[in-house]
Amino acid sequence: VSLGSDLWAVVNELEKCAVQPQIEKRDVASPLRSIFEFGDLFMTAPRRALAELPKILASGQEEFSLYSYLVGYCRTLLTIQSYDERGEPVPTTQKINPFVLRKGKTLVKNIPGSELRAMLQNFFVEDYKIKTGSSTPRDSLTRILLARQW
């Protein structure tokens, strides 16, 4: 019901439900428990995230959904950081969940603003490649992580 008339999303959710019990039984999924944990890892530890990327995708996480989540998370962290640098509280008009805001304030202290801005720009460049068919979300995420580690 929460997905409305988006049949593509409904099919994806049903496929995840069908696969999830098998993954839990075999315990071959990533030690990460959620996409949110992977997002934190992606933003703070690119080498570990590079190792975990195939595992989280093998656990049933859809590539484009993961990519979209990470773009939004990067944008959210950059928003938090820009307000933090100015010494201003993040206004409620930004509609950032209070938990995400608290966690984000901790994370952005360890990520240089220039790195977050460069990462967001890389997401936009890679988004163009994905939408024009010259890349896949998996390949784009790998390139973004590789660009950050070296």
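A residue is called buried here when its relative accessible area is under 20%. With that cut-off in hand, a look at helix H2 is a good way into this predicted model. H2 turns out to be mostly covered, with seven of its ten residues buried. The buried set is made up of Ile 35, Phe 38, Gly 39, Asp 40, Leu 41, Phe 42 and Met 43. At the start of the helix, Ser 34 gets involved too: one of its side-chain oxygens reaches to within 3.2 Å of the backbone nitrogen of Phe 36.

One name on that buried list carries a charge-pairing story. Asp 40 has a relative accessibility of 18%, so it falls under the 20% cut-off and counts as buried. Asp 40 also forms a salt bridge with Lys 103, and the closest N and O atoms of the two are 3.2 Å apart. Because Lys 103 sits in helix H5 (residues 98–108) and Asp 40 in helix H2 (residues 35–44), this pair ties together parts that are 63 residues apart in sequence. As background, side chains of opposite charge can pair when their charged atoms come close.

That bridge has company, as the count for the model comes to eight salt bridges. Another of them is between Arg 138 and Glu 63, whose closest N and O atoms are 3.4 Å apart. This pair, too, links distant parts of the chain: Arg 138 belongs to helix H7 (residues 137–149) and Glu 63 to helix H4 (residues 63–86), 75 residues apart. As for cover, Arg 138 is partly exposed at 34% relative accessibility, and Glu 63 is partly exposed at 23%.

Helix H7 shows up again in the bridge between Glu 126 and Arg 143, where the side chains meet at 2.8 Å, N to O. Glu 126 is in helix H6 (residues 113–131) and Arg 143 is in helix H7, so the pair ties together parts that are 17 residues apart in sequence. The two partners are not equally covered: Glu 126 is buried at 6% relative accessibility, whereas Arg 143 is partly exposed at 33%. The bridging doesn't stop with this pair, either. Through salt bridges that share partners, Glu 126, Lys 129 and Arg 143 are joined into one network.

Note on methods: Residues numbered from 1 in each chain as written. Predicted model: local features only at pLDDT ≥ 70, side-chain atom pairs only at ≥ 80, totals over all residues. Heavy atoms only, no water. Salt bridge = Lys/Arg side-chain N within 4 Å of Asp/Glu carboxyl O. Helix = DSSP H or I, 4+ residues; strand = E, 2+ residues; numbered from the N terminus. Buried < 20%, exposed > 50% of the residue type's maximum accessible area, 1.4 Å probe, protein only. Polar contact = N/O pair within 3.5 Å; in protein donor to acceptor, adjacent residues only side chain to side chain.
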